Amino acid sequence: MSQQSRRHDPYPWTWEIPVGIALVILLVLVCGVHLGRGIANVLTGAGWAFPGRVDLFKSLPDVLRGDAGAGLDDHDGYIPSPATLWTWTVVTEVMLLAVCVFVLKMVLDRWGPGRMRGMASRGEAERLLGVTRLRKVRSVVRPDLYGKRRHPA
């Protein structure tokens, strides 16, 4: 019988948690497109630029169509080709998604429904079972080696 089956979480799953997760994923994807565009611009000599808050979502369709200067105010210099823009956007998105999956795995292992409950932390295990504790109580554990020696009368 697993520990999961013996526990019951009375909190009902409602719509807030999935919507929050979906909004975070959407924001990461949108920022990833603009980050990929920024990297493509830097590598082609156009300079680093990120759109303002107002243009963050308005310029997204143009960027996805291949316009690397969409939504940028102070954009002078070379503009990368659509192939370069899409390549760096895809690379950036894949990297961001890999980081998000890694962070999600760590969060679920620590606080998720399948976490181990009642386990001692590393510090607690060291305090109770570690070398420091064993040295402290060595006269009790091995009185023949570390106990007070009594002289026979």
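## Thr44, a helix pair and a small core

Thr44 sits at 25% relative accessible area, so this residue counts as partly exposed. Its place in the chain is the loop between H2 and H3. This is a predicted model, so everything here is computed from predicted coordinates. Which residues does Thr44 touch, once those up to four places away in sequence are set aside? They are Tyr78, Ile79, Pro80 and Thr84. Take Ile79: Thr44 and Ile79 are 35 residues apart in sequence, yet their C-alpha atoms are 7.0 Å apart in space.

Stepping back to the whole chain, we have 9 helices and 0 strands. Read from the N terminus, the order is simply α-α-α-α-α-α-α-α-α. The chain has 153 residues, and 20% of them are buried. Of the contacts between residues at least 6 apart in sequence, 55% link residues at least 24 apart.

Now for a helix pair. H2 and helix H5 (residues 82–111) have axes that come within 8 Å and cross at roughly 135°. That angle makes H2 oblique to H5, and the crossing is right-handed. On the H2 side, the contact is made by Val28, Leu29, Gly32, Val33, Leu35, Gly36, Arg37, Ile39, Ala40 and Leu43. H5 answers with Thr84, Leu85, Trp88, Thr89, Thr92, Glu93, Leu96, Leu97 and Cys100. Thr84, by the way, is also one of the residues that Thr44 touches.

What about the nonpolar side chains? In soluble globular proteins, these tend to be buried together. Here the largest nonpolar core has 9 residues, namely Val30, Val33, Ala40, Leu56, Leu60, Val63, Ala68, Ala70 and Leu85. Helix H2 (16–43) and H4 each supply at least two of them, and H2 gives the most, with 3 residues. Val33 belongs to this core and also to the H2 side of the contact with H5. Neighbours within four places aside, Val33 is in contact with Leu60, Val63, Leu64, Thr89 and Glu93. Of these partners, Leu60 and Val63 are core members too, while Thr89 and Glu93 are on the H5 side of the helix contact.

Ser59 is another residue to look at. It lies in the loop between helix H3 (55–58) and helix H4 (60–65). Is Ser59 buried or exposed? With a relative accessibility of 2%, Ser59 counts as buried. Beyond residues up to four places away in sequence, Ser59 touches His34, Arg37, Pro51, Ala70 and Gly71. Among these, Ala70 is part of the largest nonpolar core, and Arg37 takes part in the H2 contact with H5.

Finally, the cysteines. A disulfide is a covalent bond between the sulfur atoms of two cysteines. How many disulfides does a search of the whole structure find? The count is 0. Cys31 and Cys100 are both listed below with their accessibility, next to the other two residues discussed above.

| Residue | Relative accessible area | Class |
|---|---|---|
| Cys31 | 28% | partly exposed |
| Cys100 | 33% | partly exposed |
| Thr44 | 25% | partly exposed |
| Ser59 | 2% | buried |

How values were computed: Residues numbered from 1 in each chain as written. Predicted model: local features only at pLDDT ≥ 70, side-chain atom pairs only at ≥ 80, totals over all residues. Heavy atoms only, no water. Helix = DSSP H or I, 4+ residues; strand = E, 2+ residues; numbered from the N terminus. Buried < 20%, exposed > 50% of the residue type's maximum accessible area, 1.4 Å probe, protein only. Contact = heavy atoms within 4.5 Å. Core = buried A, V, L, I, M, F, W, Y, C linked by side-chain atoms within 4.5 Å. Disulfide = S-S within 2.5 Å. Axes fitted to C-alpha atoms, helices over the stretch in contact; angles between N-to-C directions. Parallel < 35°, antiparallel > 145°, perpendicular 65-115°, else oblique. Left-handed = near helix turned anticlockwise from the far one by under 90°.
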